[in-house]
Amino acid sequence: MIAITGGTGHSGSFLVDILHKNNFQDKIRFLIRDNSNTTRIDEYGLDCEKCNISLTDVDALSKAFYGVDTVLPIAGIQFSPYIVDAAVKKVVSLYPRNHK
């Protein structure tokens, strides 16, 4: 499973388009804010779950990374230290490995 931060934002919308156009088959966990617009994700019918979370809460991020093998940190750069810290605690890759 991959986890994506920022999937509902400007840059993330391009990634979601690419995943859809390439018929991405792996399970996706989108880490989103309570007020995120998930219309694009919902309309594409990707095999995904949405997890409402604060990207500054390392403990919550670590829990959200359970079962995840790759994290795509698309969210704003200001969140990177928290995302990396949580990913390291869960020993997940910050880059795609062998995903189609």
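A residue counts as buried when its relative accessible area is under 20%. The exercises below apply to a predicted model.

**Exercise 1.** Decide whether Asp17 is buried or exposed, and identify its contacts.

*Solution.*
1. Asp17 belongs to helix 1, residues 10–21.
2. Its relative accessible area is 15%. The cut-off is under 20%, so Asp17 is buried.
3. Leaving aside residues up to four places away in sequence, Asp17 touches Arg40 and Tyr44.
4. With Arg40 the contact is polar, side chain to side chain, at 2.9 Å.

**Exercise 2.** Check the length of helix 1 against its expected span, then state what its buried residues pack against.

*Solution.*
1. Helix 1 has 12 residues, and at 1.5 Å a residue they should span 16 Å. The expected span takes 1.5 Å times one less than the number of residues.
2. The end C-alpha atoms are 17 Å apart, which agrees.
3. Gly12, Ser13, Leu15, Val16, Asp17 and Leu19 are the buried residues of the helix.
4. These pack against strand 1 (2–5), strand 2 (28–32), helix 2 (39–44) and strand 4 (70–73).
5. Just after helix 1, Asn23 has a positive phi of about 50°.

**Exercise 3.** Work out which strands stand at the edges of the sheet, and why one side of each is left without a neighbour.

*Solution.*
1. The sheet is open, with four strands in the order 3-2-1-4 and parallel pairing.
2. Strand 3 (48–52) and strand 4 stand at the edges; each has a single partner strand, so one side of each lacks a neighbour in the sheet.
3. From one strand to the next, the twist averages 20°.
4. Strand 3 pairs with strand 2 in the parallel sense over five bridges. Within strand 3, Lys50 is the bridge partner of Phe30.

Key:
Residues are numbered from 1 along each chain as its sequence is written. This is a predicted model: local features need pLDDT of at least 70, side-chain atom pairs count only at pLDDT 80 or more; totals for chains, interfaces and linings use all residues. Side-chain values use heavy atoms; hydrogens and water are left out. Helices (H or I, at least four residues) and strands (E, at least two) are DSSP runs, numbered from the N terminus. Buried means under 20% relative accessible area, exposed over 50%, partly exposed in between (1.4 Å probe, protein chains only). A polar contact is a pair of N or O atoms within 3.5 Å; within protein, one must be able to donate a hydrogen and the other to accept it, and residues adjacent in sequence count only if both atoms are side-chain atoms. Contact means heavy atoms within 4.5 Å. Two strands pair if DSSP finds at least two bridges between them. Axes are lines fitted to C-alpha atoms, for helices over the stretch in contact, and angles run from 0 to 180 degrees between N-to-C directions.
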